[in-house]
Amino acid sequence: MHKLKPESITAQALGWIDEQTRAITPPIHVSSTYLRDTDNQYRTGRAYARADNPAFDQAEAVIAALEHGPHAALFASGMAAATAVFQALAPGDHVLAPKVMYWSLRNWLMNFATHWGLQVELVDMDQPAAVQAAMRPGKTRLVWVETPANPLWTITDIAATARNAHAAGALLAVDSTVATPLLTRPIEHGADIVMHAATKYLNGHSDLIAGVLVTARDDDFWKRVKSIRTQLGGTLGSFEAWLLLRGLRTLHLRVQRASQSAQRIAEHFAPHPLVEAILYPGLPDSPGHAVAARQMQGGFGGMLSLRTKGGEAAAIATAAKVELWKRATSLGGTESLIEHRASVEGAGTPVPPDLLRLSVGIEDCDDLIADLEQALQQAHC
Ligand SMILES: Cc1ncc(COP(=O)(O)O)c(C=O)c1O
């Protein structure tokens, strides 16, 4: 068969069937342990479910196929997946991470990873010259990129950053949660590891916490990352893995719809008199647009931010007045979410106080625009 398009991979979850029953939906394997053979071997290759679990196989295969990598590994959360990559490094290693990134991982890097001896340096990751200048050849072991990056939706050129990282002997890891493998496949641009908070678009229904890593190669670094999952125990539950596989089947439809609606919402509110700015890489005058147009195919994703006129008070009041949008953190679900991001991130955040982060769901787009419109009007009267 010719190479399947992402829509065909996700809709049929790679077309696997359960050979024992001919079921087209897999069973949930819940066993925590496996029978040893009488000659003391484990012929199935499975011994204990902290190491691996048949419930992971299909979801990992679907995600690896979407990302064009040989292997994927599910984790108990996006944070468990991301931190496993850093934990695979050695004390004294130098790593570069973006100034604009998912705040919880930035906090972990600055407050925990540094205590273990990692030398963490935050850079303007969207500026290849700044990245190149910060690189310490032979010492920098990892460059971490998030693109589009929370919550300003800054775009980083993955191919240029991969060249910079590899020239200095470092690996490149990309948090591609917001782009999803439908819009960007970082391995094709030179990344060594791709990470997703599968909690978000991959599952898409706001009903589980999960993470996943995809590798470009089955090498020693990947083996170390996998052994960190086994030994530290950041293992996903069987039921969550099964739910994730179900969510993956509609990934293409959800991402397509969210991206189309986000583009319309961005274009509608960009010239709005009550709006200071819309941050969205799909807008032609956005700073990352040219790179995003090269690196993202089929849309610019479902995440954007709206900066209100009238500062923080107007932003919080707007979020208070929505009726259809849900005031909640997280992203990538079927329902649209609105969040005053600076309130979440607290002191020291680089997020402007007038910024509302919008996760666009799959509702009718006119309804979403009308609700935001009335909320802005009420907040400003
Ligand atoms: C871009 C990004 N990366 C990583 C994470 C962490 O994922 P989780 O909440 O599943 O640990 C999040 C969660 O919001 C995220 O938005």
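In the predicted model, a polar side-chain atom of D175 is placed 2.7 Å from a nitrogen atom of the ligand. Two further polar contacts involve oxygen atoms of the ligand. In one, a ligand oxygen atom lies 2.8 Å from a polar backbone atom of M79. In the other, an N or O atom in the side chain of T199 is 2.6 Å from an oxygen atom of the ligand. The ligand taken alone exposes 390 Å², and the protein buries 92% of this area.

The surroundings of the ligand comprise 15 residues, of which G78, M79, D175, T199 and K200 come nearest. Sorted by class, this shell holds seven nonpolar, five polar and three charged residues. Helix α3 (78–87) supplies at least two residues of the shell, and strand β6 (193–197) likewise supplies at least two.

Helix α3 also takes part in a helix pair. Two packed helices are described by the angle between their axes and the distance between the axes. For α3 and helix α4 (residues 103–113), the axes come within 11 Å and cross at roughly 30°. The crossing of α3 with α4 is right-handed. On the α3 side, the contact is formed by M79, A82, T83, F86 and Q87, and these meet S104, L105, W108 and L109 of α4. The residues of this contact divide into six nonpolar, three polar and no charged. M79 thus appears both in the contact with α4 and among the residues that come nearest to the ligand.

A second helix pair is formed by α10 (residues 251–269) and α14 (residues 365–379), which pack at an angle of about 35° with their axes 10 Å apart. This crossing is right-handed. Helix α10 contributes R257, S261, R264, I265, H268 and F269 to the contact, while α14 contributes C365, D366, L368, I369, L372, E373 and L376. By class, the contact of α10 with α14 contains seven nonpolar, two polar and four charged residues. Charged residues are therefore present in this contact under the class assignment used, whereas the contact of α3 with α4 has none.

Several features of the backbone were also examined. Most residues other than glycine have a negative phi, and most peptide bonds are trans. Two cis peptide bonds are described here. One joins T147 and P148, with omega at about -10°. The other runs from N150 to P151, and its omega is near -20°. P148 lies in the loop between β4 (140–146) and α6 (158–167), and P151 is likewise found in the loop between β4 and α6.

Positive phi values occur at N40 and at S330. For N40, a residue other than glycine, phi is near 75°. N40 is located in the loop between α1 (6–11) and α2 (54–67). S330 is not a glycine either, and its phi is about 85°. The position of S330 is in the loop between β10 (326–327) and β11 (337–340).

Key:
Residues numbered from 1 in each chain as written. Predicted model: local features only at pLDDT ≥ 70, side-chain atom pairs only at ≥ 80, totals over all residues. Heavy atoms only, no water. Axes fitted to C-alpha atoms, helices over the stretch in contact; angles between N-to-C directions. Helix = DSSP H or I, 4+ residues; strand = E, 2+ residues; numbered from the N terminus. Left-handed = near helix turned anticlockwise from the far one by under 90°. Contact = heavy atoms within 4.5 Å. Near = heavy atom within 4 Å. Polar contact = N/O pair within 3.5 Å; in protein donor to acceptor, adjacent residues only side chain to side chain. Areas by Shrake-Rupley, 256 points an atom, 1.4 Å probe, with all protein chains shown as cover.
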